[in-house]
Amino acid sequence: MRQLSFWRVSGWRWLLRGAAAAVLALVLLPLCYLLVRASEAGPAALQLLFEARTLRVLARSVALALAVPLLSALLAVPLAWLTTRTDLPLRRMWAVVTALPLVIPSYIFAYLLVSVLGPRGLLQQLLQPLGIERLPDIEGFPGALLALTLLCYPYVLLTVRAALLSVDPALEEAGRSLGLSPWRTFVRITLPLLRPALAGGGVLAALYTLRDFGAVSVMRYGTFTRVIYIQYQSAFDRSGAAVLALMLVALTIGLQALELNTRGRARYHRGHAAAKRKPMLVHLGRWRWPALLLCAAVALLGVGMPAAVLLFWLVRGLTLGTPLPALWNATGNSVYVCLVAAPLALLGALPLALIAGRQRSGSGRLVERVAYSAFALPGIVVGLALVFFGARYVPAIYQSVFLLQAGYLILFVPEAFGALRAALGSVNPSLMEAGRTLGRAPAQVLRSVTLPLMRNGVLAALAIVFLTAMKELPATLILAPPGMGTLATSIWGAVTQAYFAAAALPAVLLIGISSVPLAIFTLREAYQ
Amino acid sequence: MKIVGFRKALLVGFLAAGCLVSGCVSGAPDASGTALSAPPVASGEVVLYSGREESLVAPLLVKFTAATGIPVKVKYGSTAELAATLLEEGSRSPADVFWAQDPGGLGAVAAADLLATLPQTTLGLVPMNFRSARGDWVGVSGRARVVVYNTNKVLPADLPPDMWGFTEPQWMGRIGWAPGNGSFQVMVTAMRKLWGEEKTRAWLQAMIANDAKEYPKNTPLVQAVANGEIEVGFSNHYYLLQISKEAGTGLAAANYFLPGGGPGSLVMVAGVGQLATAPNSANAQRFIQYLLEPAAQGYFAQDTFEYPLIAGVEIAPGLQPLASLNIAALGVGDLIDTRGTVDLLQDVGALE
């Protein structure tokens with residue numbers, strides 16, 4: 001047998017560690033910035049920490065960050081199951097459509113939700129003939145919960161669907177052959193197998209909820225992100241904002257501990273080298289009608305409603321002769337930066353996922369926690385942190401597209417990490433070990449065994465980062481070089497000043513472009 | 001076979017990304033959209049940080065460049081975000097000019113000594129109360145605070161002469177406001193100046209007692225008045241004009257300029273300042289000067305429905321002339337303490 005040199009094995013290990021350390025250092029930059037700014041607040045910082053108002057903000061953030069993933073799971077599990085395991089009519093279409101809300105920017109979505117479901121919104125106008133004069137207010141917690149659940153449940157949907165597709169059907173068949181009903185098979189065998197996917201997708205949903213500004217500001221629900229923005233916007237108070245942002249980081253770390261506990265020490269990959277095969281589809285029979293109703297209701301609220309209102313604005317603007325902006329540059333810039341951001345985030349997340357996924361030790365967990373710690377930070381904080389370091393220490397790339405990409409890397413590495421981590425968890429390590437005992441170097445095993453086995457996770461990471469970067473706004477505004485507009489900044493500029501027709505065109509373009517990779521990924525994953 | 005295809009695809013993806021990254025070193029993404037046809041201008045270009053929106057600024061920049069030959073590169077953002085960015089950049093900022101939506105953003109940047117003193121020829125074009133006392137920024141267009149009312153439900157004669165009138169219990173459940181909005185906060189700052197802290201606090205508490213419905217910003221607020229969700233809303237004058245234009249039909253809403261004076265009869269300015277560290281100060285000053293010339297002032301008046309600040313420019317049809325408004329006697333310096341205002345709003349529970 002060919003003997004691998006010491007260097008090829010341990011050199012690889014150090015390369016992996018070095019890459020991981022570099023990425024983690026970048027991810028931790030915003031935290032350093034926050035510590036610098038918070039320390040300027042002095043004793044006032046401590047006072048702010050224990051104010052009753054701050055504690056209310058904390059309570060609201062926790063409530064939302066728990067309720068959104070919970071409700072998302074309740075939506076995502078049936079939808080994922082229906083679109084992968086049943087003979088639901090138009091299954092492929094529903095698979096794509098139910099994932100689509102992920103591509104809609106939250107600041108647009110929440111705005112549209114209010115203009116349709118608000119007390120005197122479009123829905124009320126439709127119901128007017130029935131004598132309904134106003135609908136109940138949806139702003140506050142219910143509105144924020146509704147908007148963020150519709151925007152975030154696709155995170156859970158995608159991870160759960162991937163898990164359903166990779167579960168060994170033999171386990172479920174064994175359950176059935178031992179006399180379990182289909183329902184009990186699902187509850188006792190399938191659902192427990194989905195635990196890591198639910199936890200992974202749930203954490204992404206929870207952290208996105210904490211980071212999001214658009215929905216909570218339109219719904220006027222005072223979570224950390226909104227209060228941090230108020231500090232910047234109204235009081236120009238960078239120290240106060242930094243103290244609040246550090247509390248948000250602490251909350252993020254607390255939430256992660258919850259997720260790590262639910263995963264426990266169980267293994268979720270296939271027991272042995274069972275050939276991958278498709279599970280039997282469940283025949284829905286009469287149940288297909290309620291199933292279709294669920295899919296249609298979610299699609300109507302999450303995709304149909306925003307698309308309809310945007311098209312209405314656009315058509316109204318066109319018929320009134322409103323001049324529409326030329327968007328060639330903005331579209332090109334958006335696609336260009338996101339096409340770069342997606343593989344960069346993937347490359348950045350890969351060493352982290354390999355370390356965290358293969359080591360159940362403390363260092364694996366530490367990597368995981370650090371990778372997620374900055375995830376919930378609002379874009380404005382990440383943007384200002386890079387302004388702080390960029391203008392001071394690397395003026396050569398300051399206000400260039402490189403700094404924007406660094407910002408995207410910080411913002412999106414955790415998302416790519418989440419997708420890769422879940423994919424790696426369902427790969428049986430003995431396959432990689434077999435590769436090593438057959439004389440392959442670690443890098444070769446990664447290339448020829450591990451990556452191909454987790455290809456759905458890789459594609460998921462690419463698609464998710466691409467479309468989240470497309471809709472990212474606050475960090476883009478701060479970090480994009482002067483003169484570089486994107487679709488997201490065009491929408492934002494128009495909608496804040498009630499130029500609805502001018503906002504609708506870039507919004508339709510953004511949603512259309514982001515839908516493409518998501519649709520390709522969804523169809524490829526489930527029906528290849 | 002599929003696995004090989006996937007690996008190849010991945011490899012191609014990374015290579016493409018690599019090319020793109022290296023491509024942008026040589027300036028591949030043409031951000032300005034003009035650089036391809038025009039010869040490269042390295043030193044003449046003005047870098048503008050604009051807290052005002054692109055739909056308003058971009059057409060004006062085209063005119064400016066056509067008139068002067070000076071190209072402009074813009075970074076758009078909210079006034080607060082750009083102010084925070086300028087504060088973090090400090091003396092290393094690449095910006096020449098900061099154009100802010102409100103005096104608060106300019107005040108924060110000026111307080112950090114980041115703005116240069118403007119020439120007297122520029123400052124002199126604008127009345128004293130619409131520019132900074134230190135001469136480091138100047139207002140370029142004005143916006144009036146108004147009460148927007150639903151014309152089906154409220155008669156102008158029923159509206160009070162000043163803001164205090166809305167504390168009456170008859171307004172219970174009929175008012176909308178946007179405490180998170182910058183212009184609203186400027187009005188509260190004016191209240192604190194003119195009425196004092198205690199009366200302002202009493203007014204805010206009365207609004208809460210009257211169940212004023214909160215909106216995230218002015219656009220949805222004005223729309224809620226127009227569709228009858230609420231009967232009156234505190235806003236700026238031009239939102240109604242813009243929303244009517246977009247809707248294409250008459251709306252059941254009108255602007256009411258409070259005749260009784262006081263903090264509700266406020267004219268606020270959007271303004272510009274030149275960075276002390278501006279790499280290109282001569283052209284920056286030319287740009288600021290241009291914003292106060294009749295061409296630009298006429299553009300503000302006719303296309304964005306704002307008030308021009310220099311003499312002799314016609315205002316949009318349907319607007320009351322500035323001279324006929326009972327404007328509160330306040331200078332811009334009186335209106336920059338938004339921090340104290342936010343503290344007060346948070347203290348009474350109007351803002352989180």
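1. A:Val458 sits in helix H21 of chain A, which spans residues 455-471. In this predicted model, A:Val458 is buried, with a relative accessible area of 1%. A:Arg421 is 37 residues away along the chain. The C-alpha atoms of A:Val458 and A:Arg421 are nevertheless separated by 9.9 Å.

2. Two residues of chain A deserve a look for their backbone angles. A:Arg220 is not a glycine, yet its phi is positive, at about 50°. A:Arg220 belongs to the loop between helix H11 (214-218) and helix H12 (224-235) of chain A. Is A:Arg220 buried or exposed? A:Arg220 counts as buried, at 18% relative accessibility; the cut-off for buried is under 20%.

3. A:Gln399 is the other one. Its phi is near 55°, again a positive value in a residue other than glycine. A:Gln399 is placed in the loop between helix H17 (379-393) and helix H18 (401-425) of chain A. A:Gln399 also counts as buried, with a relative accessibility of 9%.

4. Now the cysteines. A disulfide is a covalent bond between the sulfur atoms of two cysteines. How many disulfides are there over all chains? The count is zero. Take A:Cys295: its closest cysteine sulfur is in A:Cys152, and the distance is 20 Å. That is too far for a bond, because a disulfide needs the two sulfur atoms within 2.5 Å. A:Cys295 is buried, at a relative accessible area of 0%. A:Cys32, by contrast, is partly exposed, at 37%.

5. Turn to chain B and strand E7, residues 232-236. E7(B) is mostly covered, with five of its five residues buried. In a regular strand the side chains alternate between the two faces of the sheet. Both faces of E7(B) are covered. B:Val232, B:Phe234 and B:Asn236 are buried on one side. B:Gly233 and B:Ser235 are buried on the other.

6. Which strands pair with E7(B)? Strand E4 of chain B (residues 138-150) is joined to E7(B) by five bridges, and the two run antiparallel. Within that pairing, B:Val147 has B:Phe234 as its bridge partner. Strand E5 of chain B (residues 175-177) is joined to E7(B) by two bridges, and these strands run parallel. Here B:Ile175 has B:Val232 as its bridge partner.

7. Chain B is divided into two domains. Domain 1 covers 46-142 + 268-319, and domain 2 covers 144-265 + 328-348. Their C-alpha centres lie 26 Å apart. The contact takes 17 residues from domain 1 of chain B and 15 residues from domain 2 of chain B.

8. How much area do domain 1 and domain 2 of chain B bury between them? The figure is about 1300 Å², with 73% of it on carbon and sulfur atoms. On the domain 1 side, B:Asn129, B:Met268 and B:Phe305 supply 44% of the area buried against domain 2 of chain B. No other three residues supply more.

9. Finally, confidence. The model scores ipTM 0.83 and pTM 0.85. Chain B averages a pLDDT of 85, and 88% of the residues score at least 70. In chain B, strand E3 (residues 97-100) has the highest confidence, at 96. Helix H1 of chain B (residues 2-25) has the lowest, at a mean of 46. The pLDDT is below 50 over residues 14-42 of chain B. This stretch has 29 contacts in the model beyond near neighbours in sequence.

Terms used. Residues numbered from 1 in each chain as written. Chains lettered and ligands numbered in written order. Predicted model: local features only at pLDDT ≥ 70, side-chain atom pairs only at ≥ 80, totals over all residues. Heavy atoms only, no water. Buried < 20%, exposed > 50% of the residue type's maximum accessible area, 1.4 Å probe, protein only. Helix = DSSP H or I, 4+ residues; strand = E, 2+ residues; numbered from the N terminus. Pairing = 2+ DSSP bridges. pLDDT = per-residue confidence, 0-100. Contact = heavy atoms within 4.5 Å. Domains from an automatic or database assignment. Buried area = accessible area lost by both parts, 1.4 Å probe.
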